[in-house]
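Hi,

Here is the structure I promised to pass on. Have a look at it first, and then read on for what turned up in it.

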Amino acid sequence: MMKTKKFYVMLYIFCVALISGSCVKDVDFDQVEDVVLTPVFEVDFIFSRFDTSQFIDPDLDPSIIIPEVVVNDTLNYDLLGTDFVVDNLDRVELTFEFRNTIQRSFDFDFGFLNSGGQRIGPSFSITAESGNGPGTEPVVTTEIIVLDNATINVLGDANRLVSSIRVQNVNSGLLGVLELRSKGTYFINYEL
Amino acid sequence: MRAVIYLSIFLWGSCVYSQNKETLYDFTDLPQSLMSNPGADIKFKRHLGVPFLSQFHTNVGLRGATLFDVFADDGRSINEKIETTLNKLTSNDYLTLTQQLEVVNFGWKSKKHRDVYFSGGVYQELDLIGYFPKDFAVLAYQGNRDFINQPFRFSNISASGELLMVYHFGYNKKVNKKLTFGARAKLYSSLFHARTARNSGTFTTVETPQGNNIYQHIVSNANVTLRTAGYASLRDIADNTDAQQGKEIVNKLIGRALLGGNLGVGVDIGVTHKINEQLNLTGSVNDLGVIFYTNDVETYRARGNYVFEGFETPIQFSGAESQDFLDELEEAIPLDTLSTSYITMRPLKLNGSLRYSFNQYDDGTCYNCIEGEDPPYLDALGVQVFMQFRPKRPQYAASLFYYKRLSKFLRTKVTYTVDDYSYYNVGFLLSTHIDKINFYISANNLFDYTNLAKANGATVQLGFNIIM
């Protein structure tokens, strides 16, 4: 009887020890320091559609040549304006795609303003190649502008985007459409 | 994010896991068997749990992955392991944490009716479940670039959590030699509740070759709701810079624990049917009840549709008004804060078992038996089933068990369980009975016990009772 009791006591101690001795091993929780989130987001940027009739009066005598037409615009743009984005954005690639059937090239410029209306950071310029006239396949111009980390830091205070489109030597006989489509590819690098 | 990861580690570190108490269920040597089946066929005359020590139960479960999958010390980059785990997990995988602490537990056999046993007590419960929000985890971890035209579903967001006190009183009656019936009335006092479920809608980035811009970012039919009760006033206290805020929060929680919270009522019902001398069939329903959330309620709801396709420039050509992305979004999908009362069901649990007892102790000395009772069976084999209702779908478990009464001093039960977490979950329970003093300890997932990092879950229960 004593032997049986001893066995039970030993079994009991063994089981309690098993639970108490349970452990978590072969793992390294310090690795959490190495976790880096690197999502890539694609977000639409700006778009526009110019029909020549929108900036030249069609009733104007075609013999009158206007040396230069400039269309300026300012819009609210806050996607770079949060601390999280500025601190954790590795780079941004802005992809622009122009589709032009107007037989003129266009110069597209843009830059950023801070809340005080001051220009900050660099200005960017793209030339959309001349098209072949209405009814033809549009001529496609694609350009990628990369905003690196240093530029993004400078643009941290940006909350407006200014843009202008410039075209030279136009008359009312000039027909066609210029379309702009663009997107921003945001490369996040977020260390926990 | 960091806090979420540390919390997850902490939960796992606590080494304990689930509402299924397969080792305790129908273990009629212990008064705690009455908590999962108020109709358990118990033999004792009185019991008193040691206050705060009569039952400590914790269960952590992670369906679909283990800590080892992410934190293995194997030389691979943790980011690579997270990505592999992320791809493996689905929106039906979840993390659960259940913890119960008995404050008091007592019971006695009625003097008037010897076949009736009363029991009562108070216990605290914390119950959390969070489904893995796969779509939005992917969006946060990988972005949308590789998921153009694929919807991210808000229905992936589903979680609930509650901290409550339960006051209960039970009645157990041996109706006849074959049938024991029991019921337990419960009064719930909720300290804190939060729940988001049945969300709908999608966010999709759609390629639009013929559209105004390269993509359209579409939030379609979004309907996301988070209900909270007991949160707003704690937040307001926490927002104060007053040095007394910690004390105020504790006082408020104590007040809620003492029936000052959102109240609810419920019932447990159970039966044991003796098919014959050796074959028992049991069944029980736990937490068939509701809680009425009327105090300190805040519900946050966002509903609407929104399409973003970039910023038009120059806008004077289209005649559109100047855009402000955030204003437009807030207008299209407003976030409403409501204080409407609501009701939720408690997570209903069902148990059942079939038990075959054999090897009756009979050496004439009655060393192993209780005075006035038939000699006990020393062995029993059987099957148990368990089901618990959860926000998305029920959780199931099925167990085989072997009960062994080694001596009057030591009784054990071994279980083999198949559940959502694993197909090889072996658990055991040891219960010591030294005179009237009882101590029991139980754990499952024994195969993984030497390294819980590789386990999908673990449960430990232990407690002290005085049983007469």
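**What I found**

Let's start with one pair of residues: Phe108(A) has Ile126(A), in E6(A), as its bridge partner. That pair belongs to a longer run of pairing, since strand E5 (residues 106-113) of chain A and E6(A) are antiparallel and joined by 7 bridges. Before going further, please keep in mind that this is a predicted model.

E5 and E6 are part of an open sheet of 4 strands in chain A, with the order E3-E8-E5-E6 and antiparallel pairing. Why is one side of E3 and of E6 left without a neighbour in the sheet? Strand E3 (66-76) and strand E6 (119-128) of chain A are at the edges and have a single partner strand each, so there is nothing in the sheet on their other side. On average, neighbouring strands here are turned by 15 degrees against each other, if you ignore direction.

Now for the other sheet, which brings in chain B. It is an open sheet of 5 strands with mixed pairing, and the order is E7(A)-E4(A)-E9(A)-E2(A)-E13(B). Its edge strands are strand E7 (139-147) of chain A and strand E13 (311-312) of chain B, and each of them pairs on one side only.

If you walk through this sheet, these are the pairings to look for:

- E4(A) and E9(A) are antiparallel, with 11 bridges between them. Arg91(A) has Phe187(A), in E9(A), as its bridge partner.
- E2(A) and E9(A) are also antiparallel, and 10 bridges join them. Here you can find Val43(A) opposite Gly184(A) of E9(A).
- E2(A) and E13(B) are parallel and pair over 2 bridges. Ile46(A) is the residue opposite Phe311(B) in E13(B).

Next, the nonpolar cores. Which residues touch the most other members of the largest one? They are Phe106(A) and Leu178(A), in a core of 30 residues. Several strands of chain A give two or more residues to this core: strand E2 (40-51), strand E4 (89-100), E5, strand E8 (160-170) and strand E9 (177-188). E2(A) provides the largest share, with 5 residues. There is also a second, separate core of 10 residues, and among its members are Leu163(B), Leu164(B), Ala229(B) and Ile291(B).

Phe106(A) deserves a click of its own. Setting aside neighbours within four places in sequence, Phe106(A) is in contact with Ala128(A), Ile165(A), Arg166(A), Val167(A) and Leu178(A).

Finally, the two chains as a whole. Chain A contains 4 helices and 10 strands, and from the N terminus on its elements run α-β-β-α-β-α-β-β-β-β-α-β-β-β. Of the 192 residues in chain A, 24% are buried. Take the contacts in chain A between residues at least 6 apart in sequence, and 86% of them join residues at least 24 apart.

Chain B has 8 helices and 22 strands. It counts 468 residues, of which 37% are buried. For chain B, 68% of the contacts with a separation of 6 or more are between residues 24 or more positions apart.

If you would like one place to begin, try E2(A): that strand pairs with E9(A), pairs with E13(B) and gives 5 residues to the largest core.

Cheers

Notes
Residues are numbered from 1 along each chain as its sequence is written. Chains are lettered from A and ligands numbered from 1 in the order in which they are written. This is a predicted model: local features need pLDDT of at least 70, side-chain atom pairs count only at pLDDT 80 or more; totals for chains, interfaces and linings use all residues. Two strands pair if DSSP finds at least two bridges between them. Axes are lines fitted to C-alpha atoms, for helices over the stretch in contact, and angles run from 0 to 180 degrees between N-to-C directions. A nonpolar core is a set of buried Ala, Val, Leu, Ile, Met, Phe, Trp, Tyr and Cys residues joined through C-beta atoms within 7 Å. A residue is buried if 20 or more other C-beta atoms lie within 10 Å of its own, exposed if 12 or fewer, and partly exposed in between; C-beta atoms are placed from the backbone. Two residues are in contact if their C-beta atoms, placed from the backbone, lie within 7 Å.
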